[in-house]
Amino acid sequence: MKKFTVKEQRDRKATLLKEQKNNMQSLLTPEQKDKMAQLKANDKVKADQHYAARLNKTKAKLNLSDKQVATMKTQRADMMAKLKSY
């Protein structure tokens, strides 16, 4: 049995997930693809609202300054961009 590095495992997993996504997309009609895109957009809006609410709660609990909150938002945006690049 061959041992794989963490990078090889991550790459293999990404390849399999991409293949699965392509297979799923090939099964859907154009209307279903549009609906899926709409659902994803709605989920993103909900996630952003949830993050904003959590951040406001954290701001109040920790008495964070506006500058700290802005930095946290920037850090989150940077992390999300990095995650999307994988």
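In what order do the elements of the protein run from the N terminus on? In this predicted model, the order from the N terminus is α-α-α, and the secondary structure amounts to three helices and zero strands. The radius of gyration of the protein is 19 Å, well over the 12 Å that the globule rule gives for 86 residues, so the protein is more spread out than a compact globule.

The overall values for the protein are collected here.

| Property of the protein | Value |
|---|---|
| Box filled by the C-alpha atoms, along the principal axes | roughly 50 × 40 × 15 Å |
| Buried residues, as a share of the 86 residues | 6% |
| Area exposed by the protein | about 8100 Å² |
| Share of the exposed area supplied by carbon and sulfur atoms | 58% |
| Separation of the mean positions of the positive and negative charges | 6 Å |

The charges behind the last row number 22 positive and 9 negative, and their mean positions are 6 Å apart.

On the surface, a nonpolar patch is formed by Met79, Met80 and Leu83, which together have about 290 Å² of accessible area. One of these residues, Leu83, is found in helix α3, which covers residues 66–85. Is Leu83 buried or exposed? Leu83 has a relative accessible area of 52%, and because exposed means over 50%, Leu83 counts as exposed.

Conventions. Residues are numbered from 1 along each chain as its sequence is written. This is a predicted model: local features need pLDDT of at least 70, side-chain atom pairs count only at pLDDT 80 or more; totals for chains, interfaces and linings use all residues. Side-chain values use heavy atoms; hydrogens and water are left out. Patches are made of residues with over 30% relative accessible area and no salt bridge: like charges are joined within 9 Å, nonpolar side chains (Val, Leu, Ile, Met, Phe, Trp, Tyr) within 5 Å. Accessible areas come from the Shrake-Rupley method with a 1.4 Å probe; for residues, only the protein chains shown count as cover. A salt bridge is a side-chain nitrogen of Lys or Arg within 4 Å of a carboxyl oxygen of Asp or Glu. Helices (H or I, at least four residues) and strands (E, at least two) are DSSP runs, numbered from the N terminus. Buried means under 20% relative accessible area, exposed over 50%, partly exposed in between (1.4 Å probe, protein chains only). The radius of gyration is taken over C-alpha atoms; the globule rule is 2.2 Å times the number of residues to the power 0.38. Lys and Arg count as positive and Asp and Glu as negative; His and the chain ends are not counted. The place of a charge is taken as NZ of Lys, CZ of Arg, CG of Asp or CD of Glu.
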